[in-house]
Amino acid sequence: MGDRSEWRDTSSGSPRTAAEFTPKQQTFREYMDHSQGCPDCDYGNRRCDVAQAIWKAWRALPQ
């Protein structure tokens, strides 16, 4: 039993809030949420106009 390794959550347990994400992270999440729920987006291959606009905004943001 001593050689078995298991992941252990050592975090504080509180999830991150939207205020803790950078604008770039928030925009990327918006893009992912949209593209996964949009019937016109083919993840990674084809993007609708809304997804393209979000992606363009994401790329314009500083690191």
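Start with the secondary structure: colour the chain by it and you will find two helices and zero strands. Keep in mind as you look around that this is a predicted model.

Next, switch on a surface for the whole chain. About 5700 Å² is exposed, and carbon and sulfur atoms supply 50% of that area. Of the 63 residues in the chain, 16% are buried. If you draw a contact map, look at the pairs at least 6 apart in sequence: 40% of those contacts join residues at least 24 apart.

Now select helix H1, residues 23-37, and show the side chains of Arg-29 and Asp-33. These two side chains form a salt bridge, with an N to O distance of 3.9 Å. Why can they meet? The two residues are four apart in H1, so about one helical turn separates them. Colour the pair by accessibility and you will see that Arg-29 is exposed at 53% relative accessible area, while Asp-33 is partly exposed at 48%. There is no need to hunt for others, as a search of the whole structure finds one salt bridge.

For the last stop, move to the cysteines. A search of the whole structure finds zero disulfides. Select Cys-41, which is in no disulfide, and then Cys-48, whose sulfur is the nearest cysteine sulfur to it at 3.7 Å. Why is this pair not bonded? The 3.7 Å between the sulfurs of Cys-48 and Cys-41 is too far for a bond, because a disulfide needs the sulfur atoms within 2.5 Å. Both cysteines lie in the buried class: Cys-41 has a relative accessible area of 11%, and Cys-48 has 14%.

Terms used
Residues numbered from 1 in each chain as written. Predicted model: local features only at pLDDT ≥ 70, side-chain atom pairs only at ≥ 80, totals over all residues. Heavy atoms only, no water. Buried < 20%, exposed > 50% of the residue type's maximum accessible area, 1.4 Å probe, protein only. Contact = heavy atoms within 4.5 Å. Areas by Shrake-Rupley, 256 points an atom, 1.4 Å probe, with all protein chains shown as cover. Salt bridge = Lys/Arg side-chain N within 4 Å of Asp/Glu carboxyl O.
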